[in-house]
Amino acid sequence: MKNVTLYIDLAFCFILLPLVIYAFPVERWWGTYPIFFCSFVVWLYVTYFLYKNFIIPRLFLKGRKRVVALAMVLLSLSVTFFFSSYDITSPLYQIHQQQRLNAPYPIWGIRQNKQAIWLHYILVVVFCFAVGMLKEVYRQKLARAEVEYERNRAELALYKAQINPHFLFNTLNTLYGLLITRSDKTEITLERFIDLTKYMYNNANREFIPLAEEVDYIGQYIALQQLRLNEMADVRFTHDVERKEMPVPPMMLITFVENAFKYGISSNDPCFIHICLTQKADTLHFEVTNSTFKREAKSSGRMGIKNCRRRLELLYPHRHRLDIVQSNEGIFRVVLELKLEETS
């Protein structure tokens with residue numbers, strides 16, 4: 001924005017204003033009264049910078065600053081009126097014209113000079129207001145964008161804070177089940193739980209992580225959950241990633257995996273969870289299909305998926321597609337497609 005402002009100032013000072021001066025019949029001012037001509041040109045430049053940098057920014061404010069700006073407008077009008085009056089009433093100017101032309105200075109010429117002075121002033125002020133309005137609109141747009149960004153950032157932090165306990169409770173339930181059954185898998189389960197917890201907290205404050213890290217995290221989580229499963233469960237995880245460094249939000253995809261293990265696993269009935277992740281070019285396709293069983297819906301109401309949907313709306317407002325379908329055959333399917341972008 002600073003560079004744009006500089007270019008506008010240079011264009012006005014060296015192109016626009018000289019063209020305006022040249023377009024009107026004021027060139028004779030230089031030959032007849034050069035001091036007046038130079039003073040008026042300097043006043044036009046002063047008017048431009050006065051309005052642009054002092055008056056117009058304060059007109060958008062309230063209280064005393066706006067009053068001062070209005071007072072400066074009146075002062076500039078008074079100075080311009082002095083220039084127009086001096087052109088007409090100066091005896092030296094009229095004597096000089098009579099001696100040069102040997103005739104009274106025509107009244108239409110006086111009126112033309114006066115109109116030219118005011119027209120130059122008005123053009124400068126209008127240009128300043130146009131630039132000032134555009135600058136103010138741009139400033140307000142940036143302010144709104146900053147407020148929206150901070151709001152979205154706080155909202156995302158809230159959702160991430162809700163997801164972390166969601167993971168902890170689910171995994172602790174798994175550990176509890178292994179402990180009460182005195183399973184020999186308890187020790188390795190605890191080790192994997194510690195590794196996953198470290199990963200979760202190391203990435204809690206990061207906006208994006210490499211896709212390879214998220215895939216590895218999903219694989220470790222599935223391996224942890226499989227320690228408590230029996231032969232009735234069919235769990236598969238396939239992935240094909242072209243660009244491992246592709247940035248993705250941390251703990252975004254794991255939400256759907258957690259949901260599948262929470263609602264799609266049974267120790268008494270055949271069940272399955274099939275997870276497929278592919279990344280080609282800038283597109284990520286993630287699909288989770290699992291069996292479902294009738295269970296009492298808790299107050300969370302699949303809070304994890306709701307939070308994930310909101311995160312997607314904030315991070316990828318026009319670059320994602322999320323389809324969630326539950327069929328009558330007891331199959332729950334989540335299909336997520338993201339248009340990813342590199343971050344610097």
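Two strands count as paired if DSSP finds at least two bridges between them. The exercises below apply this to a predicted model.

**Exercise 1.** State the strand order of the open sheet of five strands, and find which strands stand at its edges.

*Solution.*
Step 1. Write down the order: β2-β4-β5-β7-β6, with mixed pairing.
Step 2. Look for strands that have a single partner. These are β2 (233–241) and β6 (320–326), so one side of each has no neighbour in the sheet.
Step 3. Add the twist, which averages 5° from one strand to the next.

**Exercise 2.** For the pairs β2 with β4, β4 with β5, and β5 with β7, decide: parallel or antiparallel?

*Solution.*
Step 1. β2 and β4 (residues 271–280) are parallel and share nine bridges. Within this part of the sheet, Phe-237 lies opposite Ile-275 of β4.
Step 2. β4 and β5 are antiparallel, with eight bridges. Their hairpin has two residues between the strands, and Ala-281 there has a positive phi near 55°.
Step 3. β5 and β7 are also joined in the antiparallel sense, by nine bridges. Here Asn-290 faces Phe-332 in β7.

**Exercise 3.** Identify the strands that helix α8 and helix α9 touch or lie across, and give one angle for each helix.

*Solution.*
Step 1. Helix α8 (residues 211–226) packs on the sheet and touches β2, β4 and β5 (283–291). The direction of α8 makes about 170° with that of β2.
Step 2. Helix α9 (residues 254–263) lies across β2, β4, β5, β6 and β7 (331–339). The angle between α9 and β5 is about 5°.

**Exercise 4.** Describe the surroundings of Glu-287: is this residue buried, exposed or partly exposed, and what does it touch?

*Solution.*
Step 1. Place the residue: Glu-287 is in strand β5. Seven of the nine residues of β5 are buried, so the strand is mostly covered.
Step 2. Classify Glu-287. Buried means under 20% relative accessible area and exposed means over 50%. The value for Glu-287 is 24%, so Glu-287 is partly exposed.
Step 3. Find the bridge partner: Glu-287 is paired with Cys-276.
Step 4. List the contacts, leaving out residues up to four places away in sequence: His-274, Ile-275, Cys-276, Arg-333, Val-334 and Val-335.
Step 5. Check the side chains: those of Glu-287 and Arg-333 are joined by a polar contact of 3.3 Å.
Step 6. Compare sequence with space: Glu-287 and Leu-277 are 10 residues apart in sequence, and their C-alpha atoms are 6.5 Å apart.

Terms used:
Residues are numbered from 1 along each chain as its sequence is written. This is a predicted model: local features need pLDDT of at least 70, side-chain atom pairs count only at pLDDT 80 or more; totals for chains, interfaces and linings use all residues. Side-chain values use heavy atoms; hydrogens and water are left out. Helices (H or I, at least four residues) and strands (E, at least two) are DSSP runs, numbered from the N terminus. Axes are lines fitted to C-alpha atoms, for helices over the stretch in contact, and angles run from 0 to 180 degrees between N-to-C directions. Contact means heavy atoms within 4.5 Å. Buried means under 20% relative accessible area, exposed over 50%, partly exposed in between (1.4 Å probe, protein chains only). A polar contact is a pair of N or O atoms within 3.5 Å; within protein, one must be able to donate a hydrogen and the other to accept it, and residues adjacent in sequence count only if both atoms are side-chain atoms.
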